[in-house]
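The following note sets out, point by point, the features that merit attention on inspection. Please read it alongside the sequence and the coordinates.

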Amino acid sequence: MLALKTILPDERATLALGAALAPGLEPGMTIYLRGELGAGKTTLVRGALRALGHEGAVKSPTYTLVEVYDVSRLHLHHFDFYRFQDPREWIDAGFRESFNGRNVSLIEWPERAGGMLPPADVDIALGLLETGRSAVLTPSSLAGQKCLARLEERLHAS
């Protein structure tokens, strides 16, 4: 499966993309979220969490490094490594046990962990446009391909 590319004209479209992604998430998946500040990474996660039934606040884990959500059938860990200055900080933070095959990991700024992370099942690159955002979703595993196939079905059904 090739990358899925789309334009997100507004915040509502970014939330909708996250919501469409949610049904394809399975335990053990790792999703990388790339893009500059303000590109919509946390907004996309918020859309996924809302679709999975989370009704509380969804905030960027920039200062806490991780926010944990038990929603639907999933244990979801939302990481943000923006503040990392050195990849060893990932080891020192003790996150290795979070990648245990049971949790879904949504990771903002994965490049700041310097290759310490498991490979992504889906890599999502969000870019700023003059109006709105662009999104490129690239699968890197069979689980990622299945997730994006479900996403495409949902997008074409709506």
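1. F79 is buried in this predicted model, since its relative accessible area is 0% and burial requires a value under 20%. Its ring pairs with that of F99 in a stacked arrangement, with 5.5 Å from centre to centre and 15° between the planes. F79 belongs to strand β4 (residues 74–80), whereas F99 sits in the loop between α3 (88–92) and β5 (103–108); the pair therefore ties together parts that are 20 residues apart in sequence. F79 and F99 are also members of one aromatic cluster, which F81 and F84 complete.

2. The structure contains four aromatic pairs. One of these joins Y82 and W109, whose ring centres are 4.8 Å apart; the planes meet at 55°, so the pair is classed as tilted. Y82 is located in the loop between β4 and α3, and W109 in the loop between β5 and β6 (122–128), so this pair links parts that are 27 residues apart in sequence. The two partners should be described separately as regards accessibility. Y82 is partly exposed, at 28% relative accessibility, while W109 is buried, with a relative accessible area of 11%.

3. The backbone of W109 also deserves a check. W109 is not a glycine, yet its phi is positive, at about 60°. This residue is found in the loop between β5 and β6. S72 likewise is not a glycine and has a positive phi, of about 55°. S72 lies in the loop between β3 (66–71) and β4, and it counts as exposed, with a relative accessibility of 56%.

4. S105 is part of strand β5 and is buried, at 1% relative accessibility. Which residues does S105 contact, leaving aside its neighbours within four places in sequence? They are M29, T30, I31, H77, F79, S98 and F99. Both partners of the stacked pair, F79 and F99, thus appear among the contacts of S105.

5. Helix α2 (residues 41–51) is largely enclosed by the rest of the structure, because eight of its 11 residues are buried. The buried residues are K41, T42, T43, L44, V45, G47, A48 and L49. They pack against α1, β2 (30–34), β3, β4, β5 and β6. After α2 comes G53, which has a positive phi near 105°.

6. The packing of α1 (residues 11–21) on α2 can be stated as follows. The two axes come within 6 Å and cross at roughly 50°, an angle that makes α1 oblique to α2. The crossing is right-handed. On the α1 side the contact is made by E11, T14, L15, L17, G18, A19 and L21, and on the α2 side by T43, L44, R46, G47, A48 and A51. Sorted by class, this contact has seven nonpolar, four polar and two charged residues. T43, L44, G47 and A48 of α2 are listed in this contact and also among the buried residues of α2.

7. Helix α1 packs against a further helix, α4 (residues 142–157), at an angle of about 125°, with the axes 8 Å apart. The two helices are therefore oblique to each other. Their crossing is right-handed. L17, A19, A20 and L21 of α1 meet C147, L148, L151, R154 and L155 of α4. By class, the contact has eight nonpolar, no polar and one charged residues.

8. A remark on α1 concerns its two helix contacts. Which residues of α1 make the contact with α4? L17, A19, A20 and L21 do so. Of these, L17, A19 and L21 are also listed in the contact with α2. Any description of α1 should therefore cite both oblique packings, that with α2 and that with α4.

How values were computed. Residues are numbered from 1 along each chain as its sequence is written. This is a predicted model: local features need pLDDT of at least 70, side-chain atom pairs count only at pLDDT 80 or more; totals for chains, interfaces and linings use all residues. Side-chain values use heavy atoms; hydrogens and water are left out. Axes are lines fitted to C-alpha atoms, for helices over the stretch in contact, and angles run from 0 to 180 degrees between N-to-C directions. Helices (H or I, at least four residues) and strands (E, at least two) are DSSP runs, numbered from the N terminus. Angles under 35 degrees count as roughly parallel, over 145 as roughly antiparallel, 65 to 115 as roughly perpendicular and the rest as oblique. A crossing is left-handed if the near helix is turned anticlockwise from the far one by less than a right angle, and right-handed if clockwise. Contact means heavy atoms within 4.5 Å. Ala, Val, Leu, Ile, Met, Phe, Trp, Tyr, Cys and Pro count as nonpolar, Asp, Glu, Lys and Arg as charged, and the others, Gly among them, as polar. Rings of Phe, Tyr and Trp (its six-membered ring) pair if their centres lie within 6.5 Å; planes under 30 degrees apart count as stacked, over 60 as edge-to-face and the rest as tilted. Buried means under 20% relative accessible area, exposed over 50%, partly exposed in between (1.4 Å probe, protein chains only).
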